[in-house]
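Welcome, and thanks for taking a look at this one with us. Below is a short briefing, arranged by topic, to read alongside the structure.

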Amino acid sequence: MNREKVMDRDDACLMHTYARSPVVIERGEGMVARDASGKTYLDFTSGIGVNSLGFADPEWVRAVAGQAAMVQHTSNLYYTAPCGRLARRLCQRTGLDRVFFANSGAEANEGAIKCARKYSADHYGEGRSRVVSLANSFHGRTLATLTATGQDAFHHDFGPFPEDFVYVPAGDPDALAAAAGDGRTCAVLMELVQGEGGVVALDPDYVHQVAEFCAARDILLIVDEVQTGVGRTGTFLACENYHLRPDIVTLAKGLGGGLPIGAVVAGEKAAAGMGPGSHGSTFGGNPVVCAGACVVVDRMDEEFLRNVQDQAAALWPALRALPHVVGVTGLGLMIGIQFEPGLRAADVRAACERRGLLVLTAKDRLRLLPPLILTRADAEKAVSILRKVLQGF
Ligand SMILES: *Cc1c(COP(=O)(O)O)cnc(C)c1O
């Protein structure tokens, strides 16, 4: 089916919730996506941080296809082996104790918020349900996670919203104390690198002040690692970069290597209250998805993560040296590029696409989320396309 037909049919039959590029991807291999006419694109999006191992990693494909042929789904009324295998790996890699599997980042955050409210209700009774999140954050599109998202642009026309969510500006411990110091807060929810908010890394001192504040008041600290987690920043969790031990971590995007998954990973304290009937998901822990995710997690050994760090270390200065670039932000291979005023990231993105490089934007920045299998040669290719594009502006 040709490109126009695919695009026209989507246009006719799907809700128009996405501003899409006129690119129809038919297949992919590693870092390269291909359309039906054979035009290739170097992929620096990973499907928004999802395809950690690139397209069609052979071992991942074997695990997924093999599990699909064996048993594709059972519901959580019965046991299958892959979800426990994945959960054990996640506990080992995070130092936390228990996992709940969902199907997306928003759902993982919903589960984390429920854990925190349950813990608070069990130990302190009613009236301690407030969730504090940061201005400029992004936590998902469901009603509760949309409410927790500290960007008004996403909120218009969707109220009324669930109660007891408030925002504080990042980097201001006094504002946090004012919002959460009255004994009515159960959780602080934050990203360590605000992804959709423009790829903005939080200041480590601030993060530690938040952690201390929470620990002193028995407020659960939930770190949303939906975008930063599973190797993206050069460590398995971004928390490791920050030397942080939160009560709950949420994972999603990069965990499944391309299939939908979300995970609430919690310490025993936060997990203990979540007994039978307290939460659930029909698809959560699906064996096909978990079999693929095990391949992703197992691939992320020391050597793999060192490559992420090395590629990032080489890429950052090369990007800083490009024309019209005033700054590079983020952490590891989660990269924001800030341009001189007047140069629109969306225009740069479109020009890159015409030259065969897929990139993202976040607010006013260009955003790069390459697959974590990135090699020096592909990084140099991307920089060279970006240079040509930027020289044209
Ligand atoms: C993408 C994202 C989400 C939402 O994930 P979905 O899978 O789209 O629901 C939540 N938090 C952060 C930090 C994200 O980047």
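The accessible surface of the protein chain comes to about 17,900 Å², and carbon and sulfur atoms account for 53% of that area. Please keep in mind as you browse that this is a predicted model. The notes below go from the whole chain to one sheet, and then to a single valine.

**The chain as a whole**

- You will find 14 helices and 17 strands in the protein chain.
- The radius of gyration is 21 Å, close to the 21 Å that the globule rule gives for 393 residues, so the chain is as compact as a globular protein of that length.
- Measured out along its principal axes, the C-alpha trace spans about 60 × 55 × 45 Å.
- Of the 393 residues in the protein chain, 52% are buried.
- Taking contacts between residues at least 6 apart in sequence, 72% join residues that are at least 24 apart.

**An open sheet of mixed pairing**

- If you would like a place to start, try the open sheet of 7 strands, which follow the order β4-β12-β11-β10-β7-β5-β6 with mixed pairing.
- The edges are held by β4 (98-102) and β6 (165-168); each has a single partner strand, so one side of each is left without a neighbour in the sheet.
- From one strand to the next, the twist averages 20°.
- Within this sheet, β11 (residues 248-251) and β12 (residues 262-266) pair in the antiparallel sense, with 4 bridges between them.
- To pick out that pairing on screen, look for V249, whose bridge partner in β12 is V265.

**A helix across the sheet**

- Helix α4 (residues 81-94) lies across three of these strands, namely β4, β11 and β12.
- Relative to β4, helix α4 runs at about 125°.

**A closer look at V207**

- V207 sits in helix α8, which covers residues 204-217.
- Is V207 buried or exposed? Its relative accessibility is 0%, and the cut-off for buried is under 20%, so V207 counts as buried.
- Which residues does V207 touch, leaving aside those up to four places away in sequence? They are M190, L192, L202, Y242 and L244.
- H243 is 36 residues from V207 along the chain, and the C-alpha atoms of V207 and H243 are separated by 9.8 Å.

Terms used: Residues numbered from 1 in each chain as written. Predicted model: local features only at pLDDT ≥ 70, side-chain atom pairs only at ≥ 80, totals over all residues. Heavy atoms only, no water. Pairing = 2+ DSSP bridges. Helix = DSSP H or I, 4+ residues; strand = E, 2+ residues; numbered from the N terminus. Axes fitted to C-alpha atoms, helices over the stretch in contact; angles between N-to-C directions. Contact = heavy atoms within 4.5 Å. Rg over C-alpha atoms; globule rule 2.2 N^0.38 Å. Buried < 20%, exposed > 50% of the residue type's maximum accessible area, 1.4 Å probe, protein only. Areas by Shrake-Rupley, 256 points an atom, 1.4 Å probe, with all protein chains shown as cover.
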